[in-house]
Amino acid sequence: MIVIIGSINMDLVMRVPRIPHPGETLSGGPFQTIPGGKGANQAVACARLVKQTERSAPQKVAMVACLGDDAFGVQLRAALRSDGIDDTHVSTVANISSGVAAIQVDANGQNSIALAAGANDALTPAHIDAARNLIAQAKIVVLQLETPLATISHAIKMAHDLGKIVVLNPAPAQALPTALLAQIDYLIPNEIEAGMLAELPLTASMSDADIDAAMAKLQAHGCRNVLVTLGAKGVQAGLANGAQHFPAQVVKAIDTTAAGDTFIGGFVAALADGLSEAEAIQFGQRAAALSVTRIGAQTSIPYRHEL
Ligand code: ADP
């Protein structure tokens, strides 16, 4: 079983000719509501990409998260269930909205995003304690940083102490205590997050040497493996047995929303299926490459049979 602990959002996506200036009202184009949030995206990617050999005993993917008591909460829970995700530990919290991302996408595909965490901020260590039996059944536990850090730290410690494989996607980027990094089996940042976590000076783009320096620093803090995603350039992996580059698939990208989430879901699903780290990285990248040829978050995540 794979357990994902993290955020669930409704993405409100509006196409606009250009991003409006402060104070300006601009008529936009088509509008869509698309289920998203890093946690839910990664759960959906795991559920769609994990091998299902026996119908009688399907590989379970479960989420630990919070939704608001609003219409989006109802839709977001239904979206998880439609992908076969166990939502027993997805709580509905009274008097709060579900997480929402207001996304504007301009004619060049550039986006601007405002996030309201809503119920994601209500995920507490008590929710993690209540899910202890579920976490104890997992092979892999996956987390991100869109829910409170105190809760994430509590969950990482529990999963680590239970001997689980702990995967952390440190997004959105924030500084993390060394003690927390030392409990991570696979840290999966993108370039910017890797630079921030390793406290490198912020530059527009990092050189290969910068990325290697960031990886070495994070591994010195105790992360067993660090996989830095580099968009169209692929993945630079600092594995316990050495560094290795894995090129991305060549595709025509239309929308890179959830590329990282799809990579993580594919990587974790493949690890759960018993593939090697190198095979799992390649599998995750095949899934992510397909996702960037499609629009939206969960609407772009492929199914196993499509790969
Ligand atoms: P994030 O979305 O978290 O910033 P990245 O942009 O690094 O993550 O993308 C994650 C992975 O998705 C990459 O490592 C790569 O495998 C795949 N990917 C992203 N953009 C492209 C692209 N333009 N072409 C092919 N693969 C891509």
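Me: Happy to look at this predicted model with you. In what order do the nine strands of the open sheet run?

Reply: The sheet is open, and the pairing within it is mixed. Strand E5 (86–93) and strand E13 (242–246) each have a single partner strand, so they stand at the edges with one side left without a neighbour in the sheet. Reading across from E5, the order is E5-E4-E1-E8-E9-E10-E11-E12-E13.

Me: Let's stay at the E5 edge for a moment. Which residue of E5 is the bridge partner of Leu67?

Reply: Strand E4 (residues 61–68) runs parallel to E5, and six bridges join the two. The bridge partner that Leu67 has in E5 is Thr92.

Me: And at the other edge, do E12 and E13 pair in the parallel or the antiparallel sense, and over how many bridges?

Reply: These two strands form a hairpin, with two residues between them. Within the pairing, Gly238 stands opposite Ala243 in E13. The sense of the E12 and E13 pairing is antiparallel, and the number of bridges is five.

Me: Thanks! Now for helix H10 (277–291). How many of its 15 residues are buried?

Reply: Among the buried ones are Ile281, Phe283, Arg286 and Leu290. The buried residues of H10 pack against helix H1 (38–49), strand E11 (225–229), strand E12 (235–239), E13 and H9. H10 is largely enclosed by the rest of the structure, because the buried count is 12 of the 15.

Me: How far apart are the end C-alpha atoms of H10?

Reply: At 1.5 Å a residue, the 15 residues of this helix should span 21 Å. The model agrees with that expectation, since the end C-alpha atoms of H10 are apart by 21 Å.

Me: Let's turn to the ligand. Which elements give two or more residues to the shell around the ligand?

Reply: There are 19 residues around the ligand, and Thr229, Ala232, Ala253, Gly260 and Ala288 come nearest. By class, the shell has 11 nonpolar, eight polar and no charged residues. The elements that give two or more residues are helix H9 (259–272) and helix H10 (277–291).

Me: Stepping back to the whole chain, what is its radius of gyration?

Reply: The chain has 10 helices and 13 strands. The globule rule gives 19 Å for 307 residues, and the chain comes close to that, so it is as compact as a globular protein of that length. Along its principal axes the C-alpha trace spans about 55 × 45 × 40 Å, and the radius of gyration is 18 Å.

Me: What share of the contacts between residues at least 6 apart in sequence join residues at least 24 apart?

Reply: For background, 47% of the 307 residues count as buried. Among the contacts you ask about, the share that joins residues at least 24 apart is 66%.

Me: A backbone question next. Which peptide bond is cis, with omega near -5°?

Reply: Most peptide bonds are trans. The place to look is the loop between strand E9 (165–168) and helix H6 (178–181), where Pro172 is found. The cis bond runs from Ala171 to Pro172.

Me: One last pair to compare with the usual phi. Is Asn95 buried or exposed, and what about Glu199?

Reply: Most residues other than glycine have a negative phi. Asn95, in the loop between E5 and strand E6 (99–105), has a phi near 60°, and Glu199, in the loop between helix H7 (191–197) and helix H8 (208–220), has a positive phi of about 60°. A residue counts as exposed if 12 or fewer other C-beta atoms lie within 10 Å of its own. Asn95 has 8 such atoms, so it is exposed; Glu199 has 10, so Glu199 is exposed.

Terms used
Residues numbered from 1 in each chain as written. Predicted model: local features only at pLDDT ≥ 70, side-chain atom pairs only at ≥ 80, totals over all residues. Pairing = 2+ DSSP bridges. Helix = DSSP H or I, 4+ residues; strand = E, 2+ residues; numbered from the N terminus. Near = placed C-beta within 6 Å. Nonpolar A, V, L, I, M, F, W, Y, C, P; charged D, E, K, R; others polar. Rg over C-alpha atoms; globule rule 2.2 N^0.38 Å. Buried ≥ 20, exposed ≤ 12 C-beta atoms within 10 Å, placed from the backbone. Contact = placed C-beta atoms within 7 Å. Expected span 1.5 Å × (residues − 1).
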